[in-house]
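Work through the exercises below with the sequence and the model open. Each task is followed by a solution in steps.

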Number of protein chains: 2
Amino acid sequence: MKDTDDKLTSRNIKPTAMRELVLDILTEQKMAISLSDLEQKFHKSDRVTLYRTLKTFEEKKLIHSIDDGTGAVKYALCKETCQCHPEELHVHFLCLKCQHTFCLSDIPIPSINLPVNFSVENINMVVKGVCSNCKD
Amino acid sequence: MKDTDDKLTSRNIKPTAMRELVLDILTEQKMAISLSDLEQKFHKSDRVTLYRTLKTFEEKKLIHSIDDGTGAVKYALCKETCQCHPEELHVHFLCLKCQHTFCLSDIPIPSINLPVNFSVENINMVVKGVCSNCKD
DNA sequence: AAGTTTATGCAACTGAGTTGCAAACTAATC
DNA sequence: GATTAGTTTGCAACTCAGTTGCATAAACTT
Ligand SMILES: [Mn+2]
Ligand SMILES: [Mn+2]
Ligand SMILES: [Zn+2]
Ligand SMILES: [Zn+2]
């Protein structure tokens with residue numbers, strides 16, 4: 001998996017077997033997945049290793065985390081060049097029927113006029129509703 | 001506490017001693033508080049009762065909850081007439097220094113153009129950064 | 001090869017949120 | 001005022017996500 005390795009090394013992450021595997025799984029996903037979801041994609045796996053792998057990936061901005069209020073943080077790949085700055089962030093969508101969490105990568109988070117002397121470092125915007133698949 | 005009672009009854013919540021007490025504490029707060037925060041305002045209290053009180057308050061839209069990603073949901077009073085519809089919602093702010101969560105009641109959540117056939121029921125928008133008190 | 005750093009696996013713990021159940025309390029009916 | 005029915009409260013116990021410590025294994029450094 002040369003391609004996978006490159007993605008890891010370009011983010012300064014040492015490409016171990018575990019990490020390649022996790023990155024490949026993340027790449028396959030159409031929606032954001034939680035640590036538990038990830039764990040279940042392995043037959044035998046250690047929760048803590050996966051946990052630390054996700055932490056590393058997030059620190060290095062290979063993935064971003066989404067707190068959609070369901071109780072489990074979800075993760076999804078960042079775009080190649082993403083540095084997760086406030087201007088680069090996108091809206092997320094939680095479907096209340098299928099419980100899937102989508103990256104609305106094309107929808108940037110609108111900028112906000114904060115009160116004076118408040119400064120932004122990060123923004124989490126989660127829209128909840130019904131997705132197109134679940135629309136009756 | 002006639003005023004407190006009125007607020008409760010107007011939202012169809014039976015005014016018990018516990019509920020009056022909790023509502024009074026919530027009314028005093030300048031920022032949103034968590035269940036644990038609330039618990040610590042009592043000398044002797046039962047976490048579960050407070051938990052259920054907050055749940056009831058939220059169901060009846062006397063308060064709204066804020067998931068600011070700190071691991072503990074915060075709560076704050078709604079405005080008198082609030083029905084917590086998407087158009088009525090406001091932005092929240094988490095200060096990464098003092099960890100306080102503010103209701104930016106004057107800043108409505110901007111409306112978003114969702115992909116076709118996606119519908120909104122609720123939105124959570126939390127801006128993280130440094131508040132005016134913590135600005136160095 | 002020996003030594004150093006980094007990653008992994010297992011056990012154990014924390015803390016938020018939640019449920020079940022019995023006792024206490026309230027409101028309604030006789 | 002006693003009887004009943006419905007609601008609220010308090011306590012115990014549990015779930016589950018997230019986290020830490022530590023010992024082993026693997027990967028780099030000299
Ligand atoms: Mn995303
Ligand atoms: Mn608020
Ligand atoms: Zn759906
Ligand atoms: Zn602050």
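**Exercise 1. DNA strand D**

Task: Find which part of DNA strand D a polar side-chain atom of A:Arg52 lies 3.1 Å from, and describe the protein surface near this strand.

Solution.

Step 1. The partner of A:Arg52 is a base oxygen of DNA strand D, 3.1 Å from a polar side-chain atom of this arginine. A polar contact is a pair of N or O atoms within 3.5 Å; within protein, one must be able to donate a hydrogen and the other to accept it, and residues adjacent in sequence count only if both atoms are side-chain atoms.

Step 2. The model is predicted: local features need pLDDT of at least 70 and side-chain atom pairs pLDDT 80 or more, while totals for chains, interfaces and linings use all residues, and side-chain values use heavy atoms, with hydrogens and water left out. Residues are numbered from 1 along each chain as its sequence is written, chains are lettered from A, and ligands are numbered from 1 in the order in which they are written.

Step 3. Turn to the phosphates. An N or O atom in the side chain of B:Arg19 is 2.9 Å from a phosphate oxygen of DNA strand D, and for B:Thr49 the distance from such a side-chain atom to a phosphate oxygen is 3.2 Å.

Step 4. Two or more residues each come from α4 (47-59) of chain A and from α2 (17-28) and α4 (47-59) of chain B. Helices (H or I, at least four residues) and strands (E, at least two) are DSSP runs, numbered from the N terminus. The most, five residues, is given by α4(A).

Step 5. Around the strand are 19 residues, and A:Arg47, A:Tyr51, B:Thr16, B:Arg19 and B:Arg52 come nearest; near means that a heavy atom of the residue lies within 4 Å. The surface has nine charged, six nonpolar and four polar residues. Here Ala, Val, Leu, Ile, Met, Phe, Trp, Tyr, Cys and Pro count as nonpolar, Asp, Glu, Lys and Arg as charged, and the others, Gly among them, as polar.

Step 6. Of the strand atoms within 4 Å of the protein, 62% belong to sugar or phosphate and the rest to bases.

**Exercise 2. The manganese ion**

Task: Which residues are the protein donors of the manganese ion (ligand 1)?

Solution.

Step 1. They are A:His64, A:His90 and A:His92, each through NE2, and A:Cys103 through SG, at 2.0 to 2.2 Å. Donors are N, O and S atoms within 2.8 Å of the metal (3.2 Å for Na, K and Ca); water is not among the atoms, so sites may look incomplete.

Step 2. Their spacing in sequence is H-x25-H-x1-H-x10-C. A:His64 in β2 (residues 63-66) and A:His92 in β4 (residues 90-95) of chain A are 28 residues apart, a link between distant parts of the chain.

Step 3. A:His64 has a relative accessible area of 10% and is buried (under 20%; exposed is over 50%, partly exposed in between, with a 1.4 Å probe and protein chains only). A:His92 is buried too, at 5%.

**Exercise 3. Aromatic rings**

Task: How many aromatic pairs does the structure hold over all chains, and how are the rings of A:Phe118 and B:Phe102 arranged?

Solution.

Step 1. There are six. Rings of Phe, Tyr and Trp (its six-membered ring) pair if their centres lie within 6.5 Å; planes under 30 degrees apart count as stacked, over 60 as edge-to-face and the rest as tilted.

Step 2. The rings of A:Phe118 and B:Phe102 have centres 5.6 Å apart and planes at 75°, so they are edge-to-face. Both residues are buried.
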